[in-house]
Structures are given as C-alpha cells and as structure tokens.
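Biologist: Can you pull up the model and walk me through some strands and helices?
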Amino acid sequence: MSFSAATTQPLRLNTTAGAAARSNDKVPSSLLMSKTPSFLGSTRKLRPGCVAAKPNAQRRSAVVSVSEAVKEKKASASTNLLITREEGLELYEDMVLGRAFEDMCAQMYYRGKMFGFVHLYNGQEAVSTGFIKLTKQEDTVVSTYRDHVHSLSKGVPAREVMSELFGKATGCCRGQGGSMHMFSKAHNLIGGFAFIGEGIPVATGAAFSSKYRREVLKQADCDHVTLAFFGDGTANNGQFFECLNMAALWKLPIVFVVENNLWAIGMSHLRATSDPEIWKKGPAFGMPGVHVDGMDVLKVREVAKEAIGRARRGEGPTLVECETYRFRGHSLADPDELRDPAEKAHYAARDPITALKKYIFEHNLASEQELKAIDKKIDEVLEDAVEFADESPLPPRSQLLENVFADPKGFGIGPDGRYRCEDPKFTQGTAKV
Amino acid sequence: MLGIIRQKLGAGSSSATMLGQLQRIRPAASALRSFSSSAKEMTVRDALNSALDEEMSADPKVFLMGEEVGEYQGAYKITKGLLDKYGPERVLDTPITEAGFTGIGVGAAYYGLKPVVEFMTFNFSMQAIDHIINSAAKSNYMSAGQINVPIVFRGPNGAAAGVGAQHSQCYAAWFAAVPGLKVLAPYSSEDARGLLKAAIRDPDPVVFLENELLYGESFPVSAEVFDSSFCLPIGKAKIEREGKDITITAFSKMVGYALQAAEILAKEGINAEVINLRSIRPLDRATINTSVRKTNRLITVEEGFPQHGVGAEICASVVEESFGYLDAPVERVAGADVPMPYAANLERLAVPQIEDIVRAAKRACYRSVPLAASA
C-alpha cells in the first residue's frame, strides 16, 4: 500500500456501503466550506442527526484515512485481523498504563506532590501507543510538554517518570527537567520541549544525524527513524514549515505526527487556522499527508507502519494528522470552560481504550479476565511508582551546579587562578557561582 | 538582507571593498603593527578557514551548515574551498530558515555529531535564539547530563561599515548572560584559530563571535599556531600589552583600538595594560582583577550597547572583588545607546573611536576632560 494517492487527492469513502469507492475528483472548496458547521471541533452544538449515524461516518467531508479503505478492503477480502493476540494485549496494556498514569498525576497534583505545569494526555493514548509501539529502541521520539505518555510508551519506567514529576533525585532527569522536559538517552527520548514547535527542528536534526551516520560515517545499519509529536496549534508555527521543507528536501527519515485535538489551550483549531486540514500541508512541501482517526489505535497503527516503513527505507518524511481529543483541560490549571460538553461527550464515547477492548472481544483475542488482570497489574505498577517517588530523596544541594556544562571548565577560572570546578568544595558553595 | 551583503561583497574580491571601508574607519591600521622579519603573517579569514578545514579532516563528525557556506564559498569566504574538499554532505547549504536549521544542528548534536552552524551575521541568530538558548544551552542541565550538545554557532558580530541598524548589533552581552553557553570573541588570527579549534572540540554549545571588519586583517603568528593541534584554553584572557597605570579590557575589534589608544597614551606618560578578553563567558575575572590590583584603574571597552553590557559585568565583578584597589571610578566605553545609524559620520559617533578610549583613560587618571554627556 502506498501513499501516492494521498499525495494529491484524498481517498473518498462511500459511507453507505462497505465497498471502498476511490474517486479522483478534487473536492471543491465550496463542499468543504459547507461541511464546516458540523465539523467536530466547532463550538456550535452538534446536530443530533450526525451523531446517530455510523460511528465511522462522523468525519470531515471527503478527507478519509487511507487505512479506512485498507480496512474495508481487508475485511471484505478475508478474515485477516489487524493484530495478533500478543500485539493486542501489548497495545491494551500500554494504553491503560498511559491512562492510569495520567489519572494518578491528577490525583498527586491535587495532593500537592506534583507542581508547576502538568499537561495530561487522557484520550490521546491511541496516537502514542499506535506509533511508538512500532519503533525500535534506537528510534527517536521527540515530544512537547504533553510528554508523560510518550515517555512511558517509549519504555521509560513509570517509576522514573513519576519521580521526575515529584522532583526527586531518582527521576529520569534527576528532578532537573520536570513534567515538560522528559529526557532519556537510553530510550532515545530526547524531549520534552516546553516551546511548541521547538521539538520539530530538533527531531529533524535527530533524523539528519541518522542519515549522516549512515551515509557519511558509513554506519551501514543506521536506519533509525525519528517521530516528532506535536499539536494542532504547533502546525501554524513557522518552524514547522521550515522543517517540512528541509525534511523533504534532504529526504530525512522522520514522521511528523500531528496530534490534532482541536484545541490549543482555549483556542479552537478552526479559529486559529486558515485551512484546518493539516494533512494538506504535507503535499505542499513534497511529502505525503495523511489524515487518520486518532481515537482508533488500530487505524493509527496501520498508518504508522507505512509511514515508519517509508522513513526506514529512505523514502523520506511523512506528515500524519491524527484526529484525536484530550478529555481533560490543557493543563491541570485549565478550567476548561470553552469546550462544548456535547463535543466532549461525543469523543468520550470514542474512548480508544474502550474501542480496542471491543475489538479484542469481537475477535476473541483475549478474555475479560485477562484484560482485568492487566488493569490490576497496571494499578500495582502505579502504586509502586508513587511509593517509590514518595520515598525517594530530594536532589542534594550539590546537584544545583552539576550538569550545566559537559565540560565544567565552562564555569571559568576562580580568583585563585585555577578552574573553579577543580575546587572540591565548588558545588557546596552559595548561589553565587 | 542577502541583497545588501551581495552588494557589499561584489563578485569575488571582497578584500578590496573591505579594505576601502577599513581605511575610512581606521586610518592608521597597519602602520602601527611592527613585526620581526621571521614572523609569518596570517589573515583572520585564513585562520578561521584553516581551523575549520583541520577540524573537519580530523573528525568526520564535524560538519558545517549555514546559508551560502557551500557553493558561494561562504558569504564572507570563511568556508572557501571546504565544499570541494568535503562534499555536500558535510558542507550544507541551507535554505533561509535560521530557526529550522539551527534546531536541526542542535538535534544532530544531541546524537553526537558536531555541527558548526554559521549565521550570516549574528543579527540573524535572533531568529534562532530559541534553539541556541532553550534547546542547546539548557539541555545538558534539563537532562541531568544525559544529553550534551557539542555545537558551535559562529558568524560575524557587531558593527560593520554602513550596514544599518538591523545588521550592526553586538550580541556578546545577551549570549554571555545565559548559563550553559560558552561565548568566545577572538581578535587576532592566533585567537581565531586557537579559539575556533577549542570551540569545535568542546562538548558544550559555544557561541563564537567573529568580526567582519577583522576578516581581512593580517596578524603575525608564531610557528606553533600553524600546528594542527594548536588550541587556546576557553576562559583565559590574554594580556596584549603590559602596563602599570591603567587597565583597558576589550574584545574583538576593540582590542585593536585599545592597543592604538595605548600607543597614544604612552606618549603622554600613561602606561596602559590592554587585556584581550577572548572569552566573554566564562569571563576571566582572575586576570582582570589581578591587573586592576596592579594598576588601580579600569576602562572597559566594547562596541555593543552600554546598558547591561559586558563592561557592566566587568565593573560589577571588579567592584565586588577589588573595590579597595580602585583609585578611580570604572569607566565604560561602549557604543551609543541608539540603533546604529546609516550615515557614515553618525555611525562613527555611535561606535567607540580611539579618541574615546584615550579620553576615558585620561579621565580615569585625573587628567582633565570632564565627563562627556552620556546618551
């Protein structure tokens, strides 16, 4: 399956029947405009008729996920499932871990154990799990401030993430990064950036380094792929376009994953964007642009497989727009008053974990007890993580001046003519460096 | 912006037009420099080019990126010949996307490559300053040492000749305020070569502030400078001229002015000690304070804006550590507190001249000339 069709026109799915009808007609803009009132992100009330239709039909006009067509074809062609039993359980466990972790964060925040800015990922788990579970350890993930679940999916232990959030010395960044700056070299998670858009060029650089190492340093097996996660608000930022250009120009092994949850704090995507269909920005720069239902982990996984495969084979970048939703506010400090309750209810009904569970039961991949056992296991993991974080020590005073430089001679020469860092009592000193 | 640069450079022989500008601003430039017949000479441009060349050949992880660094041979010809030698995979011509390509450099540095990112002038670094500060300078700290960033940001800094307000700002003070960065400002060819090599080998982000008007200047260099392992330590200032009556600190082009001012002062019986800072962050406070304790008077000279400048920091440092040794208030000679004007005579007024340094030195030595009205 290739994305060549998606580079110029979207596939149009005939929603009344199971067969996929491919049409190459360009969607007239008037048609798109007329669909706007029923657009899911709109602040206007949803018309009851729309919601009652088939669950998969509730989609913007003719923009359809490529995998929808694939799935339809597959379903009618044979009885092949999209995932195996093991994969199903792995996906389920990862999503439940993400959800439970974020719920626990909210609890801990209101109890005062966590502080500062905390941005939770509830509702978007399908994107993180769908993409990151297809990556290798050596592949890179770059995220924004909403990075807890990306870290967990990439393999950073829950204990380390929780400790980091508590600001303890046992956190993945020894308490120096915090909620918005998760870094783990071992798992190739290189941030955690508070400035939206900042992570995109850094991710592009990581992809560049993968290509450089293969072609210039001749490390032939270096086919590492980079995933850059960011939101709909970021898709209007200049750096995003600069990197789409350079990634396509230099054919870098990167996938740009837009987690379009329709809201940037209180700014609706429609109010902020001249053309809200973000996937279209890919073809403008010479790469495929794909739109996928981000509440369905299996669809995300199908698209991710293709995009990551493309990058790994050296065919260049892909832009994937995942239509998703965050169940909670922008951050724990956000009163979340601007979003329409009907919209929230609509997406709550499309909870990705519930959807996966349904799929698993429908295809007899696992029993209810097995899933409950996983739920229980995750609860225990989290309790252990909180306990571990609670009991961990705060960073010692000497840690304040550590790691500012890789070469601490950067602190300069002291009044005695020797480098400051050579003084054994250097880190015990006062705030004046 | 490119249009202006191209106009200035013409087609090829940049040195001709540059020298023309130089003569306008520094009438007695080369006459004062005396050198022994055995010493060899090197221009700053050649020093930088050779340093880049040698570091790229020694370590395949070093690569260059920036606008016009490849086929154009460098907007100021600093990267001349490197594309032919190392190929387009290691000398990357980028589109005009400072934020994007600086971030790409940082991301590559996260993975152990050693990018040397060129800004056509440091004024354009403002479009990428988020990456210099937030993703380069702070990353080692935020990741608690897991990820260091061995990147070098280099390019011309400060005023050139008649390039107007948006191309003339000095960024030394801004970058030097940020923990996690190292900021270097070479003056002579020896400085340029040694400090650039040190910067490329350094595991931390380094901001390397060159000066366009110095590129064509020739300096005598000793034989060891030509060695490919020649390196200068980061954080150590150099005493260019020893003296006992007054200390003058300067960096980049102002070192040349300070030396000339010292010659003039010598004729009037004031023996000035000139310190070439070389490293703005970390500042070599030890050398500065030792000198002030010897001479008891200090002038700081810089080209940038006066408020919160490098001179302000040096003054504070000296007051903190050597207050009892000062016999006169510290004088700051800095650029005028205005955006750089275009007209040649106004531009001359907006940048410190040799006479300003001489006047300030005399004031510090209580030799008449009341304080000029400060802008």
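Modeller: Sure, we'll go through a strand, a sheet and a helix pair. This is a predicted model, where local features need pLDDT of at least 70, side-chain atom pairs count only at pLDDT 80 or more, and totals for chains, interfaces and linings use all residues. Residues are numbered from 1 along each chain as its sequence is written, chains are lettered from A and ligands numbered from 1 in the order in which they are written, and side-chain values use heavy atoms, leaving out hydrogens and water.

Biologist: How many residues of strand E5 in chain A are buried?
Modeller: For E5(A), residues 254–260, 7 of its 7 residues are buried. Buried means under 20% relative accessible area, with a 1.4 Å probe and protein chains only. Strands (E, at least two residues) and helices (H or I, at least four) are DSSP runs, numbered from the N terminus.

Biologist: Which residues sit on each side of E5(A)?
Modeller: Ile254(A), Phe256(A), Val258(A) and Asn260(A) are on one side, and Val255(A), Val257(A) and Glu259(A) are on the other. In a regular strand, side chains alternate between the two faces of the sheet.

Biologist: What does E5(A) pair with in E4(A), parallel or antiparallel?
Modeller: E4(A), residues 226–231, pairs with E5(A) in the parallel sense over 6 bridges. Pairing needs at least two DSSP bridges between the strands. Phe230(A) is opposite Val258(A) there. The chain gets from E4(A) to E5(A) through helix H10(A), residues 238–249, in a right-handed β-α-β crossover. Right-handed here means the path from the first strand over the helix to the second runs clockwise, with the strands pointing away from the viewer.

Biologist: And E9(A), how many bridges to E5(A)?
Modeller: E9(A), residues 318–323, runs parallel to E5(A) and is joined to it by 6 bridges. Asn260(A) has Glu323(A) as its bridge partner.

Biologist: Switching to chain B, what is the strand order in the open sheet?
Modeller: The order is E3-E2-E4-E5-E7-E6-E12, 7 strands with mixed pairing. E3(B) (91–93) and E12(B) (279–281) are at the edges with a single partner strand each, so one side of each has no neighbour in the sheet.

Biologist: Which residue in E12(B) is the bridge partner of Val183(B)?
Modeller: Arg281(B). E6(B), residues 182–184, and E12(B) run antiparallel, joined by 2 bridges.

Biologist: Back to chain A, at what angle do helices H6 and H13 pack?
Modeller: H6(A) (125–132) and H13(A) (297–312) pack at about 40°, with axes 8 Å apart. Axes are lines fitted to C-alpha atoms, for helices over the stretch in contact, and angles run from 0 to 180 degrees between N-to-C directions.

How values were computed
Buried < 20%, exposed > 50% of the residue type's maximum accessible area, 1.4 Å probe, protein only.
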